[in-house]
Amino acid sequence: MNELKFVTAKNNRKHHKLLESIMLPYCRELDNNVGRETPEATLKKFIASIVDMSEDKDRFVELCYLDEHLIGFAYGKIDRKTHRGYVRPGWGYVMEFYLKPKYRRKGYGKEIYKHLENIFKSNGVSNVWLTADPVTGEPFWSAVGFTNSREKSPENNLYIYEKLILTEM
């Protein structure tokens with residue numbers, strides 16, 4: 001397998017365009033999986049907000065390359081009591097995660113997740129959570145060691161998946 005390269009997204013025009021180019025197909029896939037259609041203007045506003053917050057010390061937007069091709073991304077944060085919405089203070093939260101379909105089932109998704117998990121570990125996080133769509137998300141997250149908590153997120157009504165990670169001593 002070729003080695004993946006990760007670039008931490010910054011709040012600049014280049015990274016905004018790159019993230020938009022990969023997040024639009026990701027959002028369309030999610031919409032398709034749950035039977036909705038989000039207007040493109042709404043999606044672009046959502047993507048811009050991620051770029052705007054990308055330099056917050058508790059947020060991590062990682063662009064993933066195979067050779068010179070952008071093949072995926074991971075967006076995570078460390079939950080804090082001061083954050084809005086459903087929060088698990090001190091936990092890592094995988095907010096968004098995507099790998100282009102033609103690169104799936106080749107181990108790249110696991111490598112991207114491992115990279116994000118290592119970022120969480122280096123920041124002292126020992127528990128990670130996320131919500132997963134039932135079509136592509138649940139099988140993948142179960143395969144990388146997450147378990148369904150049987151609790152649904154009040155924000156999107158999807159099941160919450162959890163994983164304990166071992167931090168360095």
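Me: How do the axes of helix H1 and helix H2 cross, and at roughly what angle?
Reply: In this predicted model, the axes of H1 (residues 13-34) and H2 (residues 40-52) come within 10 Å and cross at roughly 130°.

Me: And why is H1 called oblique to H2?
Reply: Set the angle of roughly 130° against the cut-offs: over 145 degrees would count as roughly antiparallel, and 65 to 115 as roughly perpendicular. The value falls in neither range, so H1 is oblique to H2. As for the hand, H1 passes H2 in a right-handed crossing.

Me: Which residues make that contact?
Reply: From H1 you get His16, Leu19, Glu20, Met23, Leu24, Cys27 and Arg28. H2 brings Glu40, Leu43, Lys44, Phe46, Ile47, Ala48, Ile50 and Val51.

Me: What makes up the contact in terms of nonpolar, polar and charged residues?
Reply: Ten are nonpolar, one is polar and four are charged. His16 is part of the contact, and it counts as polar because histidine is outside both the nonpolar and the charged sets.

Me: Over to tyrosine 113. How do you know whether it is buried or exposed?
Reply: Its relative accessible area is 2%, and buried means under 20%, so tyrosine 113 is buried. You'll find this residue in helix H3 (residues 108-122).

Me: What does tyrosine 113 touch beyond its sequence neighbours?
Reply: Leaving aside residues within four places, the list is Val94, Phe97, Val128, Trp141, Val144, Phe146, Lys163 and Ile165. The C-alpha of leucine 99, 14 residues apart along the chain, is separated from that of tyrosine 113 by 10 Å.

Me: Which residues have the most contacts inside the largest nonpolar core?
Reply: That core has 26 residues, and the best connected inside it are Ile71, Val94, Tyr113, Phe120, Val128, Trp141 and Phe146. Strands S2, S3, S4 and S5, along with H3, each give two or more residues. H3 gives the most, with six.

Me: What does valine 128 touch?
Reply: Not counting residues up to four places away, its contacts include Trp91, Gly92, Val94, Tyr113, Phe120 and Phe146. Also among them are Tyr161, Glu162, Lys163 and Ile165. Apart from the largest core lies another, of 18 residues, including Tyr26, Leu43, Leu70 and Phe73.

Me: Why does arginine 88 count as buried?
Reply: Arginine 88 has 10% relative accessibility; the cut-off for buried is under 20%, so the label applies. This arginine is in the loop between S3 and S4. Beyond four places in sequence, arginine 88 touches Asp79, Trp129, Glu151, Ile160 and Glu162.

How values were computed
Residues numbered from 1 in each chain as written. Predicted model: local features only at pLDDT ≥ 70, side-chain atom pairs only at ≥ 80, totals over all residues. Heavy atoms only, no water. Helix = DSSP H or I, 4+ residues; strand = E, 2+ residues; numbered from the N terminus. Buried < 20%, exposed > 50% of the residue type's maximum accessible area, 1.4 Å probe, protein only. Contact = heavy atoms within 4.5 Å. Axes fitted to C-alpha atoms, helices over the stretch in contact; angles between N-to-C directions. Parallel < 35°, antiparallel > 145°, perpendicular 65-115°, else oblique. Left-handed = near helix turned anticlockwise from the far one by under 90°. Core = buried A, V, L, I, M, F, W, Y, C linked by side-chain atoms within 4.5 Å.
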